[in-house]
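Trainee: I would like to go through this structure slowly, with one question at a time, and to see how each answer is reached.

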Amino acid sequence: MSAPVTPQEHAVAVAELLAPLRARLIEPGAAETVPIARAAGHVLAADLTSPVAVPPFANSQMDGYAVRASDVASASAGAPVRLPIGAASAAGDPIGVHVVGTASPVMTGAPVPDGADAVIPIEQCDPAHFIGLGSAAHADDVPPGATVGFAAPVEPGTFVRGTGTDLAPGAIILPAGTRLTPAALGSIAAAGLAEVAVRPRAHVLLLSTGHELRAPGAPLGSGQIYDANSSSMSAALAETGVDVTTATSPDDAEALLTLIAAHPDADLVVTMGGVSAGAFEVVRDALEPAGVRFGHVAMQPGGPQGLGLARIGERELPVVAFPGNPVSVLVSFEMFLRPILCALSERPALRPAVQARLAHAITSPAGKHQVRRGALREDGSVEVGGPSSHLLHDYARATVLAHVPIGVDALPAGAEVEIWRIDE
Ligand SMILES: Nc1nc2c(c(=O)[nH]1)N[C@H]1C(S)=C(S)[C@@H](COP(=O)(O)OP(=O)(O)OC[C@H]3O[C@@H](n4cnc5c(N)ncnc54)[C@H](O)[C@@H]3O)O[C@H]1N2
Ligand code: MOO
């Protein structure tokens with residue numbers, strides 16, 4: 001076995017392994033068209049342009065009266081201008097015609113009638129309520145001869161949402177590479193687009209190994225444990241925006257290769273367990289001859305690691321092999337895979353690194369980068385749990401990962417450590 005590499009070196013090797021996958025996913029020819037109802041979280045494959053103006057017509061920003069500003073130019077509190085009330089328009093009505101010298105009742109979102117150039121909110125009018133209009137009444141119900149008074153002039157354009165002020169026709173709604181957030185999807189829908197071209201998501205085959213494992217819910221026999229990693233890691237992977245298929249590896253190497261071959265859609269295989277020095281390391285036994293390299297990273301937890309392109313039938317498939325301990329697998333994911341997969345899906349990998357003081361003394365293997373799971377206390381200090389890689393419940397309650405670099409074997413209470421927030 002070769003000498004341990006640093007976590008940084010291993011992270012670079014994982015990034016290099018997955019670089020061709022990224023190149024393949026962002027190729028324009030790989031794009032898929034999906035309805036907007038299924039596009040949340042996907043990444044645009046190409047610039048998206050708006051076929052229409054949004055809003056498509058000038059409409060009112062307030063409930064009030066549409067006027068021609070020049071008609072109320074002389075209005076003042078002492079000498080209000082009174083105008084006859086014209087035809088009303090509600091949201092959804094076709095665009096009407098404003099008669100110069102009148103005031104047209106107009107509701108929020110309704111077209112500003114052609115010829116009017118400003119809207120005066122109803123609260124600023126006399127009377128400060130609509131006359132003769134209601135849910136059962138419309139334009140024709142304004143009593144003949146009714147007038148409305150204005151005590152101030154108005155600038156042209158006031159409270160008018162102009163055509164195309166949100167999006168001009170032909171404008172780029174969002175560029176290629178944008179991840180579709182709720183607001184992005186709303187903007188695309190507002191432009192009338194029912195479907196979008198998105199990059200394919202990476203498809204990850206997640207393999208757990210070990211014949212001690214039983215699915216949660218099943219009865220446990222002697223020597224058996226519940227499979228925690230399939231749940232933790234499929235959730236962790238899904239959060240990065242990849243598609244995940246989970247499978248439990250059979251116990252023999254040949255069957256493991258057959259299982260991988262039965263998933264031709266997989267872009268990446270992530271294995272958990274079966275990589276260290278035991279007599280029954282099925283992942284290693286199956287994948288080392290296929291081209292995956294196994295070795296040690298100077299990190300705790302997460303020491304034994306595997307990486308490489310596996311020849312599976314006619315294919316060469318990237319494989320990232322993590323150790324099986326429940327904490328090791330999650331820490332390995334945080335260190336090596338999460339940043340790359342987040343980048344694939346154009347998601348921020350948000351793990352802000354800050355310094356915090358230790359609430360208590362800790363020790364660490366001097367030759368390894370240690371990643372402790374801890375929680376920030378109210379005074380800003382960090383309290384870490386035990387270092388053992390089976391302590392998953394501690395991890396479940398952790399809010400930070402605390403990093404102790406290679407070369408440090410002990411830190412006193414109050415010492416500064418780098419922490420990553422994992423609760424954001
Ligand atoms: N002689 C040595 N023994 C071990 C070494 C070593 O260097 N020399 N490394 C230790 C370290 S560190 C780790 S980490 C583990 C890695 O072992 P494997 O990757 O081969 O994993 P397994 O042996 O399959 O499992 C380890 C541990 O985790 C439990 N496990 C596995 N899968 C799951 C799952 N899906 N859900 C819950 N728990 C799981 C498994 O039962 C074992 O207890 O090797 C050390 N040994
Ligand atoms: O590397 Mo193991 O993950 O230390 O427990």
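Mentor: Let us begin with a term that we shall need: a pocket is an open set of grid points, on a 1 Å grid over the protein atoms alone, with protein on both sides within 12 Å along at least five of seven lines. A molecule sits in such a pocket if more than half of its atoms lie within 2 Å of its grid points. Please keep in mind throughout that this is a predicted model.

Trainee: Which ligand takes up the space that is the largest pocket?

Mentor: Here the definition of a pocket is put to use, and the space in question is already occupied by a ligand in the model. The largest pocket is the space taken by ligand 2.

Trainee: How many residues of the shell around ligand 2 are charged?

Mentor: The residues around ligand 2 are Q300, P301, G302, G303, P304, N325, S328 and S389. Proline counts as nonpolar, whereas glycine is placed among the polar residues. The shell therefore divides into two nonpolar and six polar residues, and the number of charged ones is none.

Trainee: At what distance does a polar side-chain atom of S328 lie from an oxygen atom of ligand 2?

Mentor: A pair of N or O atoms counts as a polar contact within 3.5 Å. A backbone N or O atom of G303 lies 2.5 Å from an oxygen atom of ligand 2, and a polar side-chain atom of S389 also lies 2.5 Å from an oxygen atom of this ligand. For the polar side-chain atom of S328, the distance to an oxygen atom of ligand 2 is 2.3 Å.

Trainee: Which residue has a side-chain N or O atom 2.6 Å from an oxygen atom of ligand 1?

Mentor: Ligand 1 is surrounded by 21 residues, and the closest are E212, D227, A228, V275 and N325. A polar backbone atom of V275 is 2.9 Å from an oxygen atom of ligand 1, while a side-chain N or O atom of E281 is 3.1 Å from one. The residue whose side chain gives the 2.6 Å distance is E212.

Trainee: Is T209 buried or exposed?

Mentor: T209 is found in the loop between β13 (203-208) and β14 (213-214), and its side chain reaches the backbone oxygen of M272 at 2.9 Å. Because buried means under 20% relative accessible area, and T209 has 11%, T209 is buried.

Trainee: Why does E334 count as buried?

Mentor: E334 is found in helix α6, which covers residues 326-344. The cut-off for buried is under 20%, so E334 counts as buried with a relative accessibility of 8%.

Technical notes
Residues numbered from 1 in each chain as written. Chains lettered and ligands numbered in written order. Predicted model: local features only at pLDDT ≥ 70, side-chain atom pairs only at ≥ 80, totals over all residues. Heavy atoms only, no water. Near = heavy atom within 4 Å. Polar contact = N/O pair within 3.5 Å; in protein donor to acceptor, adjacent residues only side chain to side chain. 1 Å grid on protein atoms, 1.4 Å probe; cavity = no way out; pocket = protein on both sides within 12 Å on 5 of 7 lines; lining within 4 Å. Helix = DSSP H or I, 4+ residues; strand = E, 2+ residues; numbered from the N terminus. Buried < 20%, exposed > 50% of the residue type's maximum accessible area, 1.4 Å probe, protein only.
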